[in-house]
Amino acid sequence: MKYKVLLVGNNNATIDDFFIHLLNQFECITTSRRYFDVYTHLKFFKPDVLVYCMQKEAQGNITDIITARNDYAKKLPVVIIGPDKDCAIFNDTYPGLAALVLQKPVTVSVISDKLSYYLKRFVKKSDTDESEDEEIVLSNALKDTEKALKDSLRELDELEALASTEAPTEKRKHILVVDDDPVMLKVIKKHLEEKYDVGTALNGNLALKFLESKRTDLILLDYEMPGDNGPTVMGKIRSHPLNRNIPIVFLTGVADSARIQEVLMQKPEGYLLKPVDKEKLQMQIKSLIG
């Protein structure tokens with residue numbers, strides 16, 4: 001069984017190394033640095049380790065990520081990979097939190113060996129302990145998540161105010177990408193993350209769970225997925241009054257005319273064939289949400 005790794009951070013080169021070289025050893029998925037996206041991936045992906053790939057990280061982003069981890073999976077090990085300065089800042093802010101520190105430059109083989117060694121030595125909890133922890137987590141999450149979010153957002157606002165005297169920039173739009181292929185999720189996220197906050201979901205059920213409590217500005221939806229396919233998921237999304245106006249763009253390798261017609265009958269805001277052209281994708285999104 002592969003260990004499940006949740007990847008987050010600005011160091012895209014390190015994240016790419018996981019998807020290019022380490023997929024045989026680990027099941028990988030990325031998340032944005034938004035509190036709710038990290039929290040959602042922790043809850044539904046249930047990773048064995050959170051790997052923070054650091055590179056000039058904003059303090060507010062670090063706070064959001066660690067707050068989400070503490071709110072849902074306080075015992076989840078955190079591994080940090082990055083330059084000496086970034087690792088030092090993290091350890092000064094959260095002393096003793098990082099279970100493993102890998103300072104750049106570090107090779108892929110070293111990352112693989114040290115992370116595998118640590119995970120194999122990490123003693124998993126018994127079923128009884130997991131059940132007890134789950135009850136505690138669910139109870140505490142209901143009480144504490146809203147407070148933690150408000151605290152982290154307030155701290156971020158204070159840090160941004162100290163960093164600049166200029167007027168605040170416009171809030172970034174959020175995009176939810178729904179696809180059962182982790183590599184495709186990574187590719188799409190990389191195409192868009194410079195301008196947008198990008199959340200990911202491996203299937204329609206996770207996307208619907210996300211939308212129960214969080215908002216997004218646009219959904220990129222795959223056609224072929226385990227369980228409900230794209231058109232079915234779109235129907236469920238549109239059936240909810242709060243979600244019916246969210247623009248939906250299909251991204252799919254399905255070129256069959258009958259299936260395309262099935263999708264078009266539901267009147268999505270866009271339809272793009274895989275492999276996804278970065279420029280066309282960005283233009284489509286810009287035309288819908290700016």
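**Exercise 1. Work out how helices α1 and α5 are oriented to each other, and which residues join them.**

Solution. Helices α1 and α5 are roughly perpendicular to each other, a label for angles of 65 to 115 degrees. To see why, take the axes: those of α1 (residues 12-21) and α5 (residues 108-121) cross at roughly 80° and come within 11 Å. Axes here are lines fitted to C-alpha atoms over the stretch in contact, with angles from 0 to 180 degrees between N-to-C directions. Helices are DSSP runs (H or I, at least four residues), numbered from the N terminus.

Next, list the contacts (heavy atoms within 4.5 Å). From α1 come T14, D17, F18 and H21, and from α5 come V108, I111 and L115.

A word on the model: it is predicted, with local features needing pLDDT of at least 70 and side-chain atom pairs pLDDT 80 or more, while totals for chains, interfaces and linings use all residues. Residues are numbered from 1 along each chain, and side-chain values use heavy atoms, leaving out hydrogens and water.

**Exercise 2. Describe how α7 meets α11.**

Solution. Start with the axes of α7 (residues 182-192) and α11 (residues 278-289), which come within 10 Å and cross at roughly 65°. Then name the contact residues: I188, H191 and L192 of α7 meet K278, L281, Q282 and I285 of α11.

**Exercise 3. Judge the confidence along the chain.**

Solution. Begin with pLDDT, the predictor's confidence in each residue, from 0 to 100: the chain averages 83, and 82% of the residues score at least 70. Then look at residues 163-169, where pLDDT stays under 50 and the model has 0 contacts beyond four places in sequence. Where pLDDT is low, the predicted coordinates should not be read in detail.

How values were computed:
Helices (H or I, at least four residues) and strands (E, at least two) are DSSP runs, numbered from the N terminus. Angles under 35 degrees count as roughly parallel, over 145 as roughly antiparallel, 65 to 115 as roughly perpendicular and the rest as oblique.
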